[in-house]
Amino acid sequence: AMFQRFPLMLCSALVAGLPQLVLAQSQDSADEIIAAGFSALQTIDRAQSDPSQMESLWTGTSAFVKTKMSKDEFISGIRQARARYGAISLRTWAGVIRIRHGANSDLPEGLYANADFSTRLPSGSVIFEKVTFRFEPNGWQMIGYVPRENQ
């Protein structure tokens, strides 16, 4: 089910150091989700040339993710998914959707959000990148990353 695709999807965002996030963490703020998504995507981009960048993503990953896969699976899954597309010319956010998972879900109960980005490659083609977050006591934690060619 859901966890069978996790090696391709999982990663975690570190939103520390983003000056635009001076407001208190709020489960209702789409701006915070978008900013966290941009931050995570920039880290994933940098990791293509500097693999040590992935260490920070693994360190900040939600604990439930770490029970489902090893650090090596996590890092290689994200790097392979992102490496297929190469350089980025322009990335803009396209939307945010919040989802509440109850006790009968494959995922731990709680509030989740998908931030979707439209990404232009130097060739002119466009891909879409979905970044998935879970709202935790310390704010939105990224748990998933899926690049795809169709919206």
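Visitor: What pLDDT does the protein chain average, and what share of the residues score at least 70?

Guide: In this predicted model, the protein chain averages a pLDDT of 80, with 81% of the residues scoring at least 70.

Visitor: Which elements of the protein chain have the lowest and the highest mean pLDDT?

Guide: Helix α1, residues 6–9, has the lowest mean pLDDT at 38, whereas strand β2, residues 110–120, has the highest at 95.

Visitor: How should residues 1–25 be read, and how many contacts beyond four places in sequence does the model have for them?

Guide: As a general idea, predicted coordinates should not be read in detail where pLDDT is low. Over residues 1–25 pLDDT stays under 50, and for this stretch the model has 69 contacts beyond four places in sequence.

Visitor: In what order do the four strands lie in the sheet, and which are the edge strands?

Guide: The sheet is open, its four strands follow the order β1-β2-β3-β4, and their pairing is antiparallel. An edge strand pairs on one side only, which is the case here for β1 (90–101) and β4 (139–148). From one strand to the next, the twist averages 20 degrees.

Visitor: Over how many bridges do β3 and β4 pair?

Guide: Strand β3, residues 126–136, pairs with β4 in the antiparallel sense over nine bridges, and T132 stands opposite G144 in β4.

Visitor: Which strands do helices α2 and α5 touch where they pack on the sheet?

Guide: Helix α2, residues 30–47, touches β1, β2, β3 and β4, and its direction makes about 120 degrees with that of β1. Helix α5, residues 71–83, also packs on the sheet, where it touches β1, β3 and β4, and its direction makes about 45 degrees with that of β4.

How values were computed:
Residues are numbered from 1 along each chain as its sequence is written. This is a predicted model: local features need pLDDT of at least 70, side-chain atom pairs count only at pLDDT 80 or more; totals for chains, interfaces and linings use all residues. Side-chain values use heavy atoms; hydrogens and water are left out. pLDDT is the predictor's confidence in each residue, from 0 to 100. Helices (H or I, at least four residues) and strands (E, at least two) are DSSP runs, numbered from the N terminus. Contact means heavy atoms within 4.5 Å. Two strands pair if DSSP finds at least two bridges between them. Axes are lines fitted to C-alpha atoms, for helices over the stretch in contact, and angles run from 0 to 180 degrees between N-to-C directions.
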